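The following exercises are to be worked with the sequence and the model at hand. Each task is followed by a solution in steps.

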Amino acid sequence: MDKFIPDMYQKSIYHIDYDKLYEDGIRCLLFDLDNTCVPYKDREPNKKLKELFDDLRDDGFKVIIFSNSNKKRLLPFKKYLNVDCSASSKKPMKGKFLLILKMFKFDLSEVAIIGDQLFTDVLGGNRVGIKTVLINPMSKDDAIWTKFTRALETIQYKKLAKRGILVKGKYYE
């Protein structure tokens, strides 16, 4: 069950203490896209997200959109936000995580994944051994396949809450 427990849980990407992550040695931030950075139905990034990513880069972070979505979906974000993207990442599988580590020459201790799902973002990051940051989904709209994992996720949240480990809305760093 520990594989579903994030290292950090925050309300949104705008509530994360990035200074603390940097102090902890994190240099690369892998951001899930759908319902983490923008609502699932949004097809273009917004100014607030651009400002956040620009600030993070200025602070010394490598910012990468790390998504199970395809290249066509990620292209407008890559261009406007001026970030690298990993499309069709197949989270929670380890392959693309390890490829990013190798490609950008980061150690496990230098990378964090930030996302809204236990069964893709948190599980994938924990399987690889990087820091995991869970945030609340930005929207209730999801892709059809995500709706299935959300149902499983609800069961997992209940199990974790019963043990007092992860309670929705009870944030921690």
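**Exercise 1. Locate Lys105 and describe its surroundings.**

Step 1. Lys105 belongs to the loop between H4 and E5; helices (H or I, at least four residues) and strands (E, at least two) are DSSP runs, numbered from the N terminus. The structure is a predicted model, in which local features need pLDDT of at least 70 and side-chain atom pairs count only at pLDDT 80 or more, while totals for chains, interfaces and linings use all residues. Residues are numbered from 1 along each chain as its sequence is written, and side-chain values use heavy atoms, with hydrogens and water left out.

Step 2. Lys105 has a relative accessible area of 72% and is therefore exposed. The classes are buried (under 20% relative accessible area), exposed (over 50%) and partly exposed (in between), with a 1.4 Å probe and protein chains only.

Step 3. Apart from neighbours within four places in sequence, Lys105 is in contact with Ile100 and Glu110, where contact means heavy atoms within 4.5 Å.

**Exercise 2. State the order of the secondary structure elements and the overall dimensions of the protein.**

Step 1. Six helices and six strands are present. Along the sequence they follow the pattern β-α-β-α-β-α-β-α-β-α-β-α.

Step 2. The C-alpha atoms fill a box of roughly 40 × 35 × 30 Å along the principal axes. The radius of gyration is 15 Å, which agrees with the value near 16 Å for a compact globule of 173 residues. This radius is taken over C-alpha atoms, and the globule rule is 2.2 Å times the number of residues to the power 0.38.

Step 3. Of the 173 residues, 47% count as buried. Among contacts with a separation of 6 or more, 68% come from residues 24 or more positions apart.

**Exercise 3. Which strands pair with E5, and is E5 enclosed or open?**

Step 1. Strand E2 (residues 28–31) is joined to E5 by four bridges, and the two run parallel. Two strands pair if DSSP finds at least two bridges between them. Phe31 has Ile114 as its bridge partner in E5.

Step 2. E5 is also joined to strand E6 (residues 131–135) by four bridges, again in parallel. Here Gly115 has Leu134 as its bridge partner.

Step 3. Five of the five residues of E5 (residues 111–115) are buried, so the strand is largely enclosed by the rest of the structure. In a regular strand the side chains alternate between the two faces of the sheet. In E5, Val111, Ile113 and Gly115 point one way, whereas Ala112 and Ile114 point the other way, and all are buried.

**Exercise 4. Extend the pairing from E2 to E3.**

Step 1. E2 and E3 pair in the parallel sense over four bridges. One partner assignment is that of Leu30, which is bridged to Ile64 in E3.

Step 2. Four of the five residues of E3 are buried, so this strand is largely enclosed by the rest of the structure.

Step 3. Beyond E3, Ser69 lies in the loop between strand E3 (62–66) and helix H3 (71–81). Ser69 counts as buried because its relative accessibility is 14%. Leaving aside neighbours within four places in sequence, its contacts are Asp34, Leu74, Ala87 and Ser88.

**Exercise 5. Identify the backbone features at Asn82, Ser88 and Pro92.**

Step 1. Most residues other than glycine have a negative phi, and most peptide bonds are trans.

Step 2. Asn82, in the loop between H3 and E4, has a positive phi near 55°. With 55% relative accessibility, Asn82 counts as exposed.

Step 3. Ser88, in the loop between E4 and H4, has a positive phi of about 45° although it is not a glycine. At 35% relative accessibility, Ser88 counts as partly exposed.

Step 4. Pro92 is in the loop between strand E4 (84–86) and helix H4 (95–104). Lys91 and Pro92 are joined by a cis peptide bond, with omega about 15°.

**Exercise 6. Place Glu44 and list its contacts.**

Step 1. Glu44 is found in the loop between E2 and helix H2 (47–58). Its relative accessibility of 59% places Glu44 among the exposed residues.

Step 2. Setting aside neighbours within four places in sequence, Glu44 is in contact with Val38 and Phe77.

Step 3. Glu44 and Gly95 are 51 residues apart along the chain, and their C-alpha atoms are separated by 27 Å.
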